[in-house]
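The exercises below are meant to be worked through with the sequence and the coordinates at hand. Each task is followed by a solution that goes step by step.

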Amino acid sequence: MSDLLDISHVGKRYAMGGLFGGKIVDAVQDASLSLRLDRPEIFTVIGESGSGKTTLARMILGLETPTSGEIRFLGKTIRHHGARAKRQAFMAKVQPVFQNPFEAFSPLKRVDRYLDSTARQFLGLRDWDEINAAMDGALQKVGLSLTEVRGRYPHELSGGQLQRAAIARALIPNPVLLIADEPVSMVDASLRMSIVNLLRTLRDEFGVSVIYITHDLATAYYISDRLMIMQKGMVVEMGPARLVLDAPEHPYSRLLKASVLDPADAGHGQLEPARDLMELSQVALVNRGQLIARPDGRLVRSAELVAS
Ligand SMILES: Nc1ncnc2c1ncn2[C@@H]1O[C@H](COP(=O)(O)OP(=O)(O)O)[C@@H](O)[C@H]1O
Ligand SMILES: [Mg+2]
């Protein structure tokens, strides 16, 4: 049986500027992971800003073509340019949830119009009763209802409600995989857990796998089955979430954990909401070599700390 998703040694290189003296950015390097069809899970990608998380997400969504390696979904290579019908069938199965729900929805368009057009586009529905049922069904899955959302403009909903509505829209085509790129970072801290819990419900009750992209270790710890930690395009450590976050091995993973653990809460296991992680990138950490499998089931890249 083929995997749900199989990412094999994928890289993305951007060349900017002219042919000569241009700058090369390896946004993602040699990333591999696979998700199984028969075991829905929340797979988390953690990394500070610029580590390549969104680039990886865009490649999975078929919005960017990898410069190296291959991504297969249900055994077939994901192609950026493909026949329209194939692309549509793929998009129904793999749906995105973006960071800022206020950007995902036009302020001038009623939220239910988005749900309506998604139902028409992906489910081919024309009958009003059927469209309403599809919209309401998806909204119920995220703890909302059509009555609450109908006729409302984005600014009439809270950030948390709007992100729920965005997830409901993504659920209409009955996807098997959600790619959620920092879905809670623009949502009020008090509402974050409800969104994060929702991802868990989608996994448990509807069998949807989620690639959860974040820089927040607290929510990652709470919901992830497995995770990978990225630094400057490189996967530095990967494995069962609790194992890695309880006792990170790679120096960067340790640094990441140390930087968000509030010393005042030490011993209580309380993780603070992520602080600015930018400063971490100042550390001269050179990742060399391959990911090495540890007996406990994680993969750790060999690294050296280099005096800067
Ligand atoms: N379209 C692009 N053109 C050139 N460079 C890009 C492009 N997209 C991303 N990058 C670069 O790739 C790196 C990773 O970016 P990104 O994937 O957005 O990271 P993250 O989502 O973890 O913040 C950054 O250095 C970024 O500047
Ligand atoms: Mg990003």
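**Exercise 1. Determine how many residues of strand E8 (residues 209-214) are buried, and how they are divided between the two directions.**

Step 1. Of the 6 residues of strand E8, 6 are buried, so the strand is largely enclosed by the rest of the structure. Buried here means that 20 or more other C-beta atoms, placed from the backbone, lie within 10 Å of a residue's own, whereas exposed means 12 or fewer and partly exposed anything in between. Helices (H or I, at least four residues) and strands (E, at least two) are DSSP runs, numbered from the N terminus.

Step 2. Ser209, Ile211 and Ile213 point one way from E8, while Val210, Tyr212 and Thr214 point the other way, and all are buried. In a regular strand the side chains alternate between the two faces of the sheet.

A note on conventions belongs here: this is a predicted model, in which local features need pLDDT of at least 70 and side-chain atom pairs count only at pLDDT 80 or more, while totals for chains, interfaces and linings use all residues. Residues are numbered from 1 along each chain as its sequence is written, and chains are lettered from A and ligands numbered from 1 in the order in which they are written.

**Exercise 2. Trace the strand pairings that involve E8, E7 and E6, and give a facing residue pair for each.**

Step 1. Strands count as paired if DSSP finds at least two bridges between them. Strand E3 (residues 42-46) runs parallel to E8 and is joined to it by 5 bridges, with isoleucine 46 opposite threonine 214.

Step 2. E8 also pairs with E7 in the parallel sense, over 5 bridges, and here aspartate 181 stands opposite isoleucine 213.

Step 3. E7 (residues 177-181) is in turn joined by 4 bridges to strand E6 (residues 94-97), again in a parallel arrangement, and valine 97 of E6 faces alanine 180 in E7.

Step 4. E6 is covered on both faces, with Val94 and Pro96 buried on one side and Gln95 and Val97 buried on the other.

**Exercise 3. Identify the residues that touch the most other members of the largest nonpolar core, and follow the contacts of alanine 180.**

Step 1. A nonpolar core is a set of buried Ala, Val, Leu, Ile, Met, Phe, Trp, Tyr and Cys residues joined through C-beta atoms within 7 Å. The largest one has 81 residues, of which Leu178, Ile179, Ala180, Leu199, Val210 and Ile211 touch the most other members. Its largest share, 7 residues, comes from helix H7 (residues 159-171).

Step 2. Leaving aside residues up to four places away in sequence, alanine 180 touches Val97, Leu199, Val210, Ile211, Tyr212 and Ile213, where contact means that the C-beta atoms, placed from the backbone, lie within 7 Å.

**Exercise 4. Describe the shell around ligand 1 and the helix that gives the most to it.**

Step 1. The residues surrounding the ligand are Tyr14, Met16, Val25, Ala27, Gly47, Ser49, Gly50, Ser51, Gly52, Lys53, Thr54 and Thr55, each with its C-beta atom, placed from the backbone, within 6 Å of the ligand.

Step 2. They divide into 4 nonpolar, 7 polar and 1 charged, if Ala, Val, Leu, Ile, Met, Phe, Trp, Tyr, Cys and Pro count as nonpolar, Asp, Glu, Lys and Arg as charged, and the others, Gly among them, as polar.

Step 3. Strand E1 (5-16), strand E2 (23-35) and helix H1 (53-60) each supply at least two of these residues, and H1 gives the most, with 3.

Step 4. H1 is itself mostly covered, since 7 of its 8 residues are buried, and just after the helix glycine 62 takes a positive phi of about 75 degrees.

**Exercise 5. Find where aspartate 30 and asparagine 174 lie, and classify their exposure.**

Step 1. Aspartate 30 is found in strand E2 and, although not a glycine, has a positive phi of about 45 degrees. With 17 C-beta neighbours inside 10 Å, aspartate 30 counts as partly exposed.

Step 2. Asparagine 174 lies in the loop between H7 and E7, with a positive phi near 60 degrees. Its 15 C-beta neighbours inside 10 Å make asparagine 174 partly exposed as well.

Technical notes:
Two residues are in contact if their C-beta atoms, placed from the backbone, lie within 7 Å.
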